[in-house]
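Let's take a walk through this one together, from the outside to the inside and back again. Have the sequence and the 3D view open as you read.

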Amino acid sequence: TRCSVMTNERSGRDFGTKNLEQDLERLVCSGYVEHCREVLDRKQAAASVAGLLAYMELLADSENYHKWNVSVHDNGRYMRLDAAAMKALNVTKLRSDASDTFSLSGLMARGRTAMGK
């Protein structure tokens, strides 16, 4: 795996957006799906949210109802680093590193719980 990202095989049916508006009405804090319109109007974003809801099974437990917020991530607010900057800043572990904590990701991993591994 790249960057310790978990992968999982999912059916294409899990990404269907047919009932997404009804599902979001049950899950969002306001209960008003129009607050999620920015996500629903984007085809890929809506399919991603549908897949996430199916994977996490949030609708299976009524404890999850009216507890969530949905918003669009603005990439313009963050900096993107190229490979040279990633290496210079020791963001990821290098093979030559003697310890896992010589990199930012290794240092952050020390705070990860056993359940999160």
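**From the surface to the core**

Met 56 is partly exposed, with a relative accessible area of 43%. Keep in mind as you look around that this is a predicted model. Met 56 belongs to helix 3, and together with Met 6, Leu 52, Tyr 55 and Trp 68 it makes a nonpolar surface patch of about 520 Å².

Stay on helix 3 for a moment and find Ser 48, which is also part of that helix. Is Ser 48 buried or exposed? With a relative accessible area of 46%, Ser 48 counts as partly exposed, because that value falls between the 20% limit for buried and the 50% limit for exposed. Now look for Thr 17: Ser 48 and Thr 17 are 31 residues apart along the chain, and their C-alpha atoms are separated by 9.2 Å.

Next, turn to the inside. In soluble globular proteins, nonpolar side chains tend to be buried together. Here the largest nonpolar core has 13 residues, and those with the most contacts inside it are Leu 20, Leu 24, Cys 36, Leu 40, Val 49 and Leu 53. Which helices supply at least two residues each to this core? They are helix 1 (20-27), helix 2 (37-40) and helix 3 (43-56). Helix 3 gives the largest share, four residues. Val 49 is a good place to see the packing: leaving aside neighbours within four places in sequence, Val 49 is in contact with Leu 20, Leu 24 and Val 39.

Helix 1 deserves its own look. Its buried residues are Leu 20, Asp 23, Leu 24 and Leu 27. Seen down the axis of helix 1, these residues fall within an arc of 95°, so they line one face of the helix. The spacing fits a general rule: an α-helix has 3.6 residues a turn, so residues three or four places apart point the same way. What covers the buried residues of helix 1 includes helix 2 and helix 3.

One last stop is Asn 64, in the loop between helix 3 and helix 4 (83-88). Why does Asn 64 count as buried? Its relative accessible area is 18%, and buried means under 20%, so Asn 64 falls within that class. Leaving aside neighbours within four places in sequence, Asn 64 is in contact with Leu 27 and Leu 58. Leu 27 brings you back to helix 1, where it is one of the buried residues.

Note on methods
Residues are numbered from 1 along each chain as its sequence is written. This is a predicted model: local features need pLDDT of at least 70, side-chain atom pairs count only at pLDDT 80 or more; totals for chains, interfaces and linings use all residues. Side-chain values use heavy atoms; hydrogens and water are left out. A nonpolar core is a set of buried Ala, Val, Leu, Ile, Met, Phe, Trp, Tyr and Cys residues joined through side-chain atoms within 4.5 Å. Buried means under 20% relative accessible area, exposed over 50%, partly exposed in between (1.4 Å probe, protein chains only). Contact means heavy atoms within 4.5 Å. The arc is that of the directions from the helix axis to the C-beta atoms. Patches are made of residues with over 30% relative accessible area and no salt bridge: like charges are joined within 9 Å, nonpolar side chains (Val, Leu, Ile, Met, Phe, Trp, Tyr) within 5 Å. Accessible areas come from the Shrake-Rupley method with a 1.4 Å probe; for residues, only the protein chains shown count as cover. A salt bridge is a side-chain nitrogen of Lys or Arg within 4 Å of a carboxyl oxygen of Asp or Glu.
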